[in-house]
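Here are a few exercises to work through with the model open in your viewer. Try each task before you read its solution.

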Amino acid sequence: MRLFRVMRILRTALRAIRKNPMRTALTMLGIIIGVGAVIAMMEIGTGSSDAIAKTIAKMGANTLLVLPGAATSGGIGFGAGSSMTLTPQDCDAIIRDCPAVKSAAPLVRARGQAVYQDRNWVPMSIYGTTENYLNVRDWTDMAEGEIFTDKDVRNSTKVCIIGQTIARELFQGSSPIGKEMRVLNISFKVVGVLSSKGANMMGMDQDDIILAPWTTIKFRVGASSSTSSSTTSSTTSTTSSPSQLYPNSQTSLYPVPSNTQAADNPQPARFTNVDQIVAAANSTVEIPQAINEITALLRERHRIRNPKDDDFNIRNMTEMTNALSSTTTLMTKLLLAVALISLIVGGVGIMNIMLVSVTERTREIGLRMAVGARAKDILRQFLIEAVVLCLAGGILGIILGCGGSYLITRFLRWPTETSVPAIVASVIVSASVGIVFGYYPAWKASRLDPIEALRYE
Amino acid sequence: MELIELKNICKTYYMGDIDVPVLKGITLSIGKGEFVALMGASGSGKSTLMNILGCLDHPTSGEYWLEQREISKVSADERANLRNHKIGFVFQNFNLLPRTSALENVMMPLSYTHEHVSDSEVKRRAEELMNRVGLGDRMHHEPSELSGGQQQRVAIARALINRPSVLFADEPTGNLDSKTSEEVLAMFKQLNVEEGITVIIVTHDPNVARHTQRQIHIHDGLIANGQTSQGGPQ
Ligand SMILES: Nc1ncnc2c1ncn2[C@@H]1O[C@H](COP(=O)(O)OP(=O)(O)OP(=O)(O)O)[C@@H](O)[C@H]1O
Ligand SMILES: [Mg+2]
């Protein structure tokens with residue numbers, strides 16, 4: 001009963017719109033261009049903000065640093081990272097139990113000289129880590145060769161991968177793959193060369209780096225190297241190194257197992273700490289969640305009840321992520337403003353034409369009333385006409401916008417991304433524009449007096 | 001049984017401070033199946049009376065009984081409903097929808113009918129009426145492709161689509177030459193005789209009034225002689 005009426009009103013509206021195709025097209029043009037521009041801009045906007053997010057993620061915005069807490073001895077604090085509470089098992093647990101964390105890797109730092117043939121160089125960073133480190137840093141593309149594996153980590157293999165700066169300074173254009181180089185007097189085989197990453201936000205050359213299995217750095221380099229500033233902890237906290245505190249006495253950090261004990265435990269369960277753990281959140285928005293998950297996990301593992309006793313610190317790149325989110329919201333607001341203005345302009349065009357149409361069709365309105373149309377029938381008819389106009393314009397606009405952004409991707413190679421919410425919103429908004437701007441003309445039409453309308457010339 | 005009964009109908013237009021009394025107490029009854037001419041000088045209030053009879057307007061005072069129902073004070077929506085179901089209009093200037101086929105023009109009033117009439121039934125009725133008014137071969141012509149007489153016959157078909165009990169025609173032949181006028185009037189007469197539809201024609205032309213059974217003269221807002229039914233047409 002209701003449906004057939006709706007169908008008839010719709011058919012009447014379509015017939016009225018079809019009667020004047022040129023005017024209809026011109027009227028819709030406002031909405032078409034408005035919606036088209038909004039869609040195209042939203043798609044370009046989404047595409048570029050995704051690109052920006054990716055770039056910033058590459059710069060390390062999603063990275064979290066887990067540092068050991070400050071060690072204190074006799075009332076003297078040694079600063080962040082001076083205690084030795086983080087273990088590689090903590091890192092494994094983070095990977096396993098924290099859903100908001102994309103990846104995590106332990107880090108052992110060393111400092112010293114790298115030598116190849118007659119050339120030498122002191123790299124900015126010598127890190128012992130796992131292959132996950134490159135996932136965390138979003139740096140998995142290798143210029144040459146491959147990254148070392150978990151097996152290398154287990155076996156403390158003497159392999160390393162080097163950054164572009166090292167490759168340039170030590171190998172001078174020849175391929176470093178398979179070559180043996182000495183790092184802190186230990187011979188390493190180069191298995192891979194990282195792609196170039198350039199300077200970080202602080203202006204430090206990130207390509208001046210050597211990565212090796214953390215076990216190798218920790219046990220082989222640390223144990224044998226006297227040039228190494230520290231065997232166990234960060235390079236800066238030299239005070240925590242017993243070998244330097246007491247250069248002349250043989251100190252041992254750990255109780256040396258007797259021969260029998262060693263025989264009983266072929267793989268001794270040594271207490272092993274790492275300097276820090278680097279982790280990456282899945283995305284910028286998941287950073288706080290990742291921090292919460294890691295905090296809870298480490299408290300549980302370290303049996304800490306009181307947050308005050310935390311033996312670790314988590315740092316993130318708040319400044320960077322804030323910059324990212326404020327850029328994105330600013331962009332969204334700008335787009336919204338443009339969208340509103342263009343749709344209002346389109347809506348005014350619709351209202352204008354509908355008013356003209358009502359005046360022009362006064363006699364028709366009078367006739368329809370004379371044969372039984374009620375005021376609300378007339379109101380509905382003109383309102384639906386306006387909405388159909390706007391919706392058709394909106395749909396054409398969506399097609400235009402999608403086509404436009406496709407062409408932009410195709411020829412200008414800007415990243416774009418189809419934005420489903422923008423399309424849905426456009427349909428809803430253009431229908432609403434039809435209702436809002438069509439209402440006044442439709443109301444005017446419905447208020448006509450049939451006798452006067454019939455007499456209208 | 002009377003179809004229409006008017007009791008002391010008055011209509012006054014208020015134009016600012018000035019009252020313009022047009023109808024000054026019309027009492028009149030028209031029976032079912034009558035063929036009536038409403039006559040009078042220009043400005044005597046024929047169209048005004050016709051608009052009240054046709055439920056397009058309501059009287060300032062007085063009673064209007066249509067099929068035993070007092071309708072002088074019903075709401076605008078209810079008047080629209082009455083126009084749709086009980087009344088057919090034929091206008092001097094045809095008032096067909098431009099750029100719309102004759103058939104669609106005839107079907108148009110049914111889209112405002114509350115009761116559900118199926119699309120096929122609507123089409124069937126419209127085609128039947130087009131045949132009835134002798135335009136079976138012009139169904140898909142637009143008004144601009146039809147002669148004046150043909151357009152008026154389309155308008156008659158449109159007025160009949162909802163099977164009204166009374167047909168009002170305000171100067172239906174005013175825009176037609178004498179030959180087509182005769183055709184249109186013959187059509188009214190035929191509908192009146194064969195289908196028993198009450199027809200009320202407004203005219204100031206005695207040649208038109210000649211075709212009707214009864215002439216009601218309005219003079220200065222009052223009925224001059226309308227109560228005396230005259231014989232059939234000569
Ligand atoms: N809306 C209105 N407002 C004020 N006065 C009106 C209105 N409509 C009609 N009148 C007046 O009422 C009077 C009767 O008008 P009406 O149209 O009924 O005449 P008519 O008998 O149909 O004349 P004609 O034969 O010329 O059509 C006229 O004097 C006219 O000026
Ligand atoms: Mg008149």
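**Exercise 1: the second largest cavity**

The lining of the second largest cavity consists of A:Val371 together with B:Arg83, B:Asn84, B:Ile87, B:Gly88, B:Phe89, B:Pro109, B:Arg158, B:Ala159, B:Ile161, B:Asn162 and B:Pro164. Keep in mind that this is a predicted model.

Task: Find the volume of the second largest cavity, and say which element gives the largest share of its lining.

Solution:
- Step 1. Start with the space itself: the volume of this second largest cavity is about 90 Å³.
- Step 2. Look for elements of chain B that supply at least two lining residues each; these are α2 (76-86), β6 (87-90) and α5 (148-160).
- Step 3. Pick out the largest share, which is the three residues of β6(B).
- Step 4. Sort the lining by class: seven residues are nonpolar, three polar and two charged.

**Exercise 2: the largest cavity**

Task: How many cavities of 30 Å³ or more does a search of the whole structure find, and what lines the largest cavity?

Solution:
- Step 1. The search of the whole structure turns up four cavities of that size.
- Step 2. In the largest cavity there is about 100 Å³ of space.
- Step 3. Its lining is made up of A:Arg5, A:Arg8, A:Ile9, A:Thr12, A:Arg368, A:Asp377, A:Gln381, B:Ser111 and B:Tyr112.
- Step 4. Two elements of chain A, α1 (2-18) and α13 (375-412), give two or more residues to this lining.
- Step 5. With four residues, α1(A) contributes the most.
- Step 6. By class, you should arrive at four charged, three polar and two nonpolar residues in the lining of the largest cavity.

**Exercise 3: the site of ligand 1**

Task: Work out which chains surround ligand 1 and which atoms of B:Ser42, B:Gly45 and B:Lys46 approach its oxygen atoms.

Solution:
- Step 1. List the residues around ligand 1: A:Arg455, then B:Tyr13, B:Met15, B:Val22, B:Ala41, B:Ser42, B:Gly43, B:Ser44, B:Gly45, B:Lys46, B:Ser47 and B:Thr48.
- Step 2. Read off the chains: both A and B surround the ligand, so the site is shared between chains.
- Step 3. Turn to the side chains. B:Ser42 places a polar side-chain atom 2.6 Å from an oxygen atom of ligand 1, and an N or O atom in the side chain of B:Lys46 is 2.7 Å from an oxygen atom of the ligand.
- Step 4. Add the backbone: an N or O atom of the B:Gly45 backbone lies 3.0 Å from a ligand oxygen atom.
- Step 5. Now consider cover. On its own, ligand 1 has 630 Å² of accessible area, and the protein covers 66% of that.
- Step 6. Assign the shell to elements: β1 (2-15) and α1 (46-53) of chain B give two or more residues to it, and α1(B) gives the most, with three.
- Step 7. Finish with the classes: the shell around ligand 1 has six polar, four nonpolar and two charged residues.

**Exercise 4: an aromatic pair**

Task: Why does the pair of A:Tyr116 and A:Phe171 count as tilted?

Solution:
- Step 1. Over all chains, the search finds six aromatic pairs.
- Step 2. For A:Tyr116 and A:Phe171, the ring centres are 4.3 Å apart and the planes stand at 35°, so the pair is tilted.
- Step 3. Place the two residues: A:Tyr116 is in strand β5 (residues 114-116) of chain A and A:Phe171 in helix α6 (residues 164-171) of chain A, so the pair ties together parts that are 55 residues apart in sequence.

Methods. Residues numbered from 1 in each chain as written. Chains lettered and ligands numbered in written order. Predicted model: local features only at pLDDT ≥ 70, side-chain atom pairs only at ≥ 80, totals over all residues. Heavy atoms only, no water. 1 Å grid on protein atoms, 1.4 Å probe; cavity = no way out; pocket = protein on both sides within 12 Å on 5 of 7 lines; lining within 4 Å. Points joined across faces, edges and corners; volume = space filled by probe spheres on them. Nonpolar A, V, L, I, M, F, W, Y, C, P; charged D, E, K, R; others polar. Near = heavy atom within 4 Å. Polar contact = N/O pair within 3.5 Å; in protein donor to acceptor, adjacent residues only side chain to side chain. Areas by Shrake-Rupley, 256 points an atom, 1.4 Å probe, with all protein chains shown as cover. Phe/Tyr/Trp six-rings, centres within 6.5 Å; stacked < 30°, edge-to-face > 60°.
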